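This report goes through one protein model for a reader who has not seen it before. Single residues come before the overall fold, then two helices and a cavity.

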Amino acid sequence: MASQGDTPAWATADDTPSFSEETNDINAGATMLRSSGAGEPTALDITDDKELPSIVLFMRLANMGAAGLLIAASIVKMISLPSPSNWILSVYATCGGLLVCCLETQLKFLRVAIALNFGYLFSPTLRFVFYLVMGSVAWQFNDILGKISAITLVATAIFNTYVLCRYPSYRAVREKIAEEEDRRIEAKISDGIKKQAVNSMLGPGSV
């Protein structure tokens, strides 16, 4: 049997820190956090939180405006009876514009369906690429409206990417606003159903 003296020093050394050492480590960590300002909202963070609702609204309007311009340019191109290839591109661009419009309406059933089938629109990088593709399609129309639509889409893509990178909490605020809109819509629908039910039972003009 090996004696106690044969046991390696690293196996018998007591590596458990004492209470005083743990306390010193905790105090040192707290001091570092206070000095670095971590865990406390800065004035910039508070300003960003106040700006986000208006930025969300502006971004939605910008996306819908760019999508609406793309749809208009595509329809004008289709009406002009272009070559088959340009006509197919016009249909493709119209579908892309409608997809963006449906996403920006923030309706719950549309948002869920788009998230399940077109999840790339929720990725900043892939959405940027999608806008560039739509812009290149609009540029191929070779008319003034198509070129304006292409430039607008590229500018909107850059703006979207900037906002998503500049404001990390953008998605959370956007989802919160969308949920509030869903609740308001559901409340209006519920009130309308109640009024119809009362009218059907008591007769029109009772409510």
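Leu81 is exposed, because its relative accessible area of 71% is over the 50% cut-off. This residue of the predicted model sits in the loop that connects H3 and H4. Its phi is positive, near 55 degrees, and Leu81 is not a glycine. Most residues other than glycine have a negative phi.

Asn142 is another residue with a positive phi, of about 60 degrees, that is not a glycine. Its place is the loop between H6 and H7. With a relative accessible area of 59%, Asn142 also counts as exposed, because that value is over 50%.

Gln106, which follows H4, has a positive phi as well, near 65 degrees.

Leu61 belongs to helix H3. Its relative accessible area is 54%, over the 50% limit, so Leu61 is exposed. Between the C-alpha atoms of Leu61 and Thr105 the separation is 9.8 Å, while the two residues are 44 apart along the chain.

The table sets out the three exposed residues described above.

| Residue | Place | Relative accessible area |
|---|---|---|
| Leu81 | loop between H3 and H4 | 71% |
| Asn142 | loop between H6 and H7 | 59% |
| Leu61 | helix H3 | 54% |

**Overall fold**

The protein has eight helices and zero strands. Read from the N terminus, the order of elements is α-α-α-α-α-α-α-α. Of the 207 residues in the protein, 26% are buried. The exposed surface comes to about 13500 Å², and carbon and sulfur atoms supply 67% of that area. Taking contacts between residues at least 6 apart in sequence, 68% join residues at least 24 apart.

**Helices H4 and H7**

Does the length of H4 agree or disagree with its number of residues? Helix H4 covers residues 84–104, which is 21 residues, and at 1.5 Å a residue these should span 30 Å. The end C-alpha atoms of H4 are 31 Å apart, so the two values agree. Buried residues of H4 include Asn86, Ser90, Ala93, Thr94, Gly96, Gly97 and Val100. Glu104 is also one of the buried residues of H4.

Helix H7 covers residues 144–166 and has 23 residues, which should span 33 Å at 1.5 Å a residue. Its end C-alpha atoms are 33 Å apart, so expectation and model agree here too. The buried residues of H7 are Gly146, Ser149, Ala150, Leu153, Thr156, Ala157, Asn160 and Val163.

**The cavity**

Rolling a probe the size of a water molecule over the atoms shows where empty space is left. How many cavities of 30 Å³ or more does the structure hold? It holds one. The largest cavity has a volume of about 40 Å³. Helix H3 (43–79), H4 and helix H6 (124–139) are the elements that give two or more residues to its lining. H3 gives the most, with four residues.

The lining consists of Asn63, Ala66, Ala67, Leu70, Gly96, Val100, Phe130, Tyr131, Met134 and Leu153. By type, these residues divide into eight nonpolar, two polar and no charged. Gly96 and Val100 of the lining are also among the buried residues of H4. Leu153, another lining residue, is one of the buried residues of H7.

Note on methods: Residues are numbered from 1 along each chain as its sequence is written. This is a predicted model: local features need pLDDT of at least 70, side-chain atom pairs count only at pLDDT 80 or more; totals for chains, interfaces and linings use all residues. Side-chain values use heavy atoms; hydrogens and water are left out. The expected span of a helix is 1.5 Å times one less than its number of residues. Buried means under 20% relative accessible area, exposed over 50%, partly exposed in between (1.4 Å probe, protein chains only). Contact means heavy atoms within 4.5 Å. Accessible areas come from the Shrake-Rupley method with a 1.4 Å probe; for residues, only the protein chains shown count as cover. On a 1 Å grid over the protein atoms alone, a cavity is a set of points where a 1.4 Å probe fits but cannot get out, and a pocket is an open set with protein on both sides within 12 Å along at least five of seven lines; lining residues have an atom within 4 Å of a point. Grid points are joined across faces, edges and corners, and a volume is the space filled by probe spheres set on the points. Ala, Val, Leu, Ile, Met, Phe, Trp, Tyr, Cys and Pro count as nonpolar, Asp, Glu, Lys and Arg as charged, and the others, Gly among them, as polar.
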